[in-house]
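Hi,

Here is the structure I said I would pass on. Have a look at it first, and my notes on what turned up are underneath.

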Amino acid sequence: MRPILVTGGTGTLGRAVVRRLLSRGCPVRVLSRQAHTPGEHGWAVGDLVTGRGVEAALAGAGTVVHCATTNGKRDVAATRRLVEAAGGAGVAHLLYVSIVGVDRVPLGYYRAKAECERLVVESGLGWTVLRATQFHDLVLRVLDGLSKAPVLVVPRGVAFQPVDVRDVAERVAQLAEAGPAGRAGDFGGPEVRPVEALAAEFLRARGRRRPVLRAPVPGGTARALRAGGNLVAPGRAVPPGDLVPAHPAGRITFAEFLAERFPA
């Protein structure tokens, strides 16, 4: 079996993907900007932004799982460089991990991800694009930052469908083994929850006492979020309580994630 090259293999998602692939018996090579001692998997030193070492990293690879991400134009440039090099290396399958709502939520970062998707789709390679909702880790970081103030302020009328990175990694590993699938079904967490409910759950887990204030937020991005543009099943009104999606993909809830991270 030809090795699977994982870009961003030292990041939050990439590390989990590497573990899942190894557990399934797949040969794995991780692209990193820095040299590492070989262990359970191989390493390749390269930089997608500059192109240094990318061709060598792709040599012999049958599948590329593109988890690496940066900001804006650099993200697009890095993906373009990877696509071009993968075509030259005879890669059979390029799998790109994107974000649910990149075509509905008018954030600059999302526009860049949508452009990266386009590059993958038009690459001429066998391809898969998997969009996932926000990771539990990201929601945790945002709420942790917001909770530094005396009052935790969240946008009114917005819900999220956070997903555990381990669940996403398992789906990525399945798709990597299965071969090119085109646009895979969007992958979200097991619950759609108003952001204020997630905030209250976070505060309980951290033992912090803060009032949670829902504030109106203007602008196109907030409007798209209120419309459910960040959810696997968009367009629903945000419920007064929690909502279990019709077709949940992830298994681990935000509450379970918090219980693991902050055991009582």
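Let me start with one residue in a helix and work outwards. Alanine 169 sits in helix 6. Keep in mind that this is a predicted model.

With a relative accessible area of 0%, alanine 169 is buried. Setting aside neighbours within four places in sequence, its contacts are Leu13, Ala16, Val17 and Arg20. Arginine 20 is 149 residues away from alanine 169 in sequence, yet the two C-alpha atoms are 6.6 Å apart.

**The sheet**

Now for the strands. There are 7 of them in an open sheet, ordered 3-2-1-4-5-6-9, and the pairing is parallel. Strand 3 (42–45) and strand 9 (182–183) are the edges, each pairing on one side only. Helix 6 (residues 165–178) packs on this sheet and touches strand 1 (4–7), strand 4 (63–66), strand 5 (93–99) and strand 6. The direction of helix 6 makes about 155 degrees with that of strand 5.

If you want to check the register, here are some pairings:

- Strand 1 and strand 2 run parallel and are joined by 4 bridges; isoleucine 4 stands opposite valine 28 of strand 2.
- Strand 5 and strand 6 are parallel too, with 7 bridges; valine 97 has leucine 130 in strand 6 as its bridge partner.
- Strand 6 (residues 126–132) and strand 9 are parallel, joined by 2 bridges; threonine 128 faces glycine 182 in strand 9.

How covered are these strands? In strand 2, 5 of the 5 residues are buried. Val28, Val30 and Ser32 point one way from strand 2, while Arg29 and Leu31 point the other way, and all are buried. That fits the textbook picture, in which side chains of a regular strand alternate between the two faces of the sheet. As for strand 6, 5 of its 7 residues are buried, so the rest of the structure largely encloses it.

**The cores**

The largest nonpolar core holds 27 residues. Val6, Leu13, Val17, Leu21, Val65, Val168 and Val172 have the most contacts inside it. The elements giving two or more residues to this core are strand 1, helix 1 (12–23), strand 2 (28–32), strand 5, strand 6 and helix 6. Helix 6 gives the most, with 7 residues.

Leucine 21 is worth clicking on. Not counting residues up to four places away in sequence, leucine 21 touches Ile4, Val6, Cys26, Val28, Ala173 and Ala176. There is also a second, separate core of 25 residues, which includes Ala78, Leu82, Ala85 and Cys116.

**The pocket**

Which residues are closest to the centre of the largest pocket? They are Cys67, Ala68, Thr69, Thr70 and Tyr109, out of 36 that line it. The space in this pocket comes to about 930 Å³. Helix 1, strand 2, helix 3 (72–89), strand 5, helix 4 (108–121) and helix 5 (136–146) are the elements that give two or more residues to the lining.

One residue to look at alongside this is threonine 12, in helix 1. Threonine 12 counts as partly exposed, at 34% relative accessibility. Its C-alpha atom is 9.3 Å from that of cysteine 67, which is 55 residues away along the chain. Leaving out neighbours within four places in sequence, threonine 12 is in contact with Asp137 and Val165.

**Two residues in one loop**

Finally, take a look at the loop between strand 2 and strand 3. Both glutamate 40 and histidine 41 are found there. Which of the two is buried and which is exposed? Histidine 41 counts as buried because its relative accessibility is 16%, under the 20% cut-off. Glutamate 40 counts as exposed because its relative accessibility is 73%, over the 50% cut-off.

Histidine 41 touches Val18, Leu22, Val28 and Val30, again not counting residues up to four places away in sequence. As for glutamate 40, its C-alpha atom is separated by 14 Å from that of valine 6, 34 residues apart along the chain.

Cheers

Note on methods: Residues numbered from 1 in each chain as written. Predicted model: local features only at pLDDT ≥ 70, side-chain atom pairs only at ≥ 80, totals over all residues. Heavy atoms only, no water. Pairing = 2+ DSSP bridges. Contact = heavy atoms within 4.5 Å. Axes fitted to C-alpha atoms, helices over the stretch in contact; angles between N-to-C directions. Core = buried A, V, L, I, M, F, W, Y, C linked by side-chain atoms within 4.5 Å. Buried < 20%, exposed > 50% of the residue type's maximum accessible area, 1.4 Å probe, protein only. 1 Å grid on protein atoms, 1.4 Å probe; cavity = no way out; pocket = protein on both sides within 12 Å on 5 of 7 lines; lining within 4 Å. Points joined across faces, edges and corners; volume = space filled by probe spheres on them.
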